[in-house]
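Reader: I'd like a close look at one part of this model: the place where the ligand sits, and the empty space around it. Could you walk me through it in one go?

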Amino acid sequence: MKTRCRFLILLLLTLVTFGLSFEAKGQARVTKERFGDTLDGKGVDIYTLTNSHGVEARIINYGGIVTSLKVPDRNGKLDDVVLGFDNLDDYLKGRTYLGAIIGRYGNRIAKGRFTLNGVEYKLAVNNGENHLHGGLKGFDKVVWQARVLKVPNGAAMELTYLSKDGEEGYPGNLSVKVIYTLTNANELKVDYSATTDKDTVINLTQHSYFNLAGQGNGDILNHRLFINAARFTPTDAGSIPTGELRRVRGTPFDFTRPTAIGARINQDYDQLKLGKGYDHNFVLNGRMGTLRQAARVYEPTTGRVMEVWTTEPGMQLYTGNFLDGTLIGKDGKIYQQRYGFCLETQHYPDSPNKPNFPTTVLRKGARYHTTTTYKFSTAKSEPPAVAGG
Ligand code: GLA
């Protein structure tokens, strides 16, 4: 009798545990907690998106920041592959755009000026004499409205923000929406859309710093990178594109065959000296507006692979050149130079002043819509080279 009773209890316990872990693993879900308050008293929440494989993205509605992203290595071990901070106060210090949504304009606009419909607009200048990443208070430093979305293929949330006419010098009330979806295919998908009531310019991007060996675990120089681009946009000393679309062939900017990020980063090449490493826009192959592969990164020690797919015409490769060991990130990790890389899908920098670049003008009544997907997988050894478009 006693034995049977014990057996039944054991069976019950097993079923409950199994049931719970099945629930925990099997169902994509979103949970929400308070993360902190801004200096002007606005509440900021942290949303945890978990997909059916237990892959997890944490996102706050301050700056639309991805604070952590846990993906498996080739042995199934989850690790956090983005740089970030443990608490809101560190994000409020507003340094280096870790993980944030960038707007209205990703990267630089020369001298913070552009002319549209015959009117010259003067933007906030926050990077030498230039305008960078939306100005003094870009979309990375505002509190967004957030809500959880129900989707069939994963976990999702929506962020919205109304950027008022004149904010940071830009014309038009711009109504912006960003949807993050963590799909059950281990993709973090970012959908950006916007409308305006006056002609304006727009160029939204995502500024996550990745380290596929795990955040804080050394530099990213051994990550092997493929970029689907035959050209890049060289810059002047202020990181403003000169207007040239230079062929990558024969330069340290040729990533059309997978190459370690660090293999040529210190070469004596003018463009690498200017940016203290890579801090440049690549002209992506293939037709803009169609979702196509922009990049693939393979980290040999963990086997993690990240592919970037986008509808955008360009992508900024930034190799964490300005990280200098003064930032203390999650779990007390110190972020030294080149501890993370960014692949910021975008239109080219300074497009409002470059008639030969694809336009960033958004007309009144028109709808802006772009998509970028970061897809995670693993491999035993480096996957074969991908054909360029
Ligand atoms: C972008 C810019 C860089 C730098 C980083 C953040 O990638 O091009 O120059 O501002 O963001 O520090």
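Author: Let's start with H133, which falls in the loop between strand 10 (131–132) and strand 11 (145–151). Keep in mind that this is a predicted model. The backbone at H133 has a phi near 50 degrees, a positive value in a residue that isn't glycine. As a rule, most residues other than glycine have a negative phi, and most peptide bonds are trans.

H133 also belongs to the group around the ligand, along with Y97, N107, R108, L132, H207, Y209, D279, Q316, Y318, F322 and E344. Sorted by class, that shell comes out as 5 nonpolar, 4 polar and 3 charged residues.

Now for the polar contacts. An N or O atom in the R108 side chain sits 2.8 Å from an oxygen atom of the ligand. H207 has a polar side-chain atom 2.8 Å from a ligand oxygen, and for Q316 the distance from a polar side-chain atom to an oxygen of the ligand is 3.4 Å. As for cover, the ligand taken alone would expose 300 Å², and the protein buries 95% of that.

What about the space itself? The ligand takes up the second largest pocket, whose volume is about 220 Å³. Its lining counts 14 residues, with Y97, L132, H133, Y318 and F322 nearest the centre; those five names are also among the residues around the ligand. By class, the lining of this second largest pocket splits into 5 nonpolar, 6 polar and 3 charged residues.

There's another backbone oddity to check, at R104. The peptide bond from G103 to R104 is cis, with omega near -5 degrees. R104 is in the loop between strand 6 (101–102) and strand 7 (108–109), and R108, one of the residues around the ligand, carries the number at which strand 7 (108–109) begins.

Moving on to the largest pocket, you get about 260 Å³ of space. It is lined by 14 residues, and T38, D40, Y62, K137 and K141 are the ones nearest its centre. The class split for the largest pocket is 7 nonpolar, 3 polar and 4 charged.

Finally, the enclosed space. Rolling a probe the size of a water molecule over the atoms shows where empty space is left. Searching the whole structure turns up 4 cavities of 30 Å³ or more, and the largest cavity holds about 90 Å³. Its lining is made of Y62, I65, F85, Y91, G94, R95, Y97, L98, A100, D140 and K141, which divide into 7 nonpolar, 1 polar and 3 charged residues. A few of these names have come up before: Y97 lines this cavity and is also one of the residues around the ligand, while Y62 and K141 line the cavity and are among those nearest the centre of the largest pocket.

Technical notes
Residues numbered from 1 in each chain as written. Predicted model: local features only at pLDDT ≥ 70, side-chain atom pairs only at ≥ 80, totals over all residues. Heavy atoms only, no water. 1 Å grid on protein atoms, 1.4 Å probe; cavity = no way out; pocket = protein on both sides within 12 Å on 5 of 7 lines; lining within 4 Å. Points joined across faces, edges and corners; volume = space filled by probe spheres on them. Nonpolar A, V, L, I, M, F, W, Y, C, P; charged D, E, K, R; others polar. Near = heavy atom within 4 Å. Polar contact = N/O pair within 3.5 Å; in protein donor to acceptor, adjacent residues only side chain to side chain. Areas by Shrake-Rupley, 256 points an atom, 1.4 Å probe, with all protein chains shown as cover. Sits in = over half its atoms within 2 Å of the grid points. Helix = DSSP H or I, 4+ residues; strand = E, 2+ residues; numbered from the N terminus.
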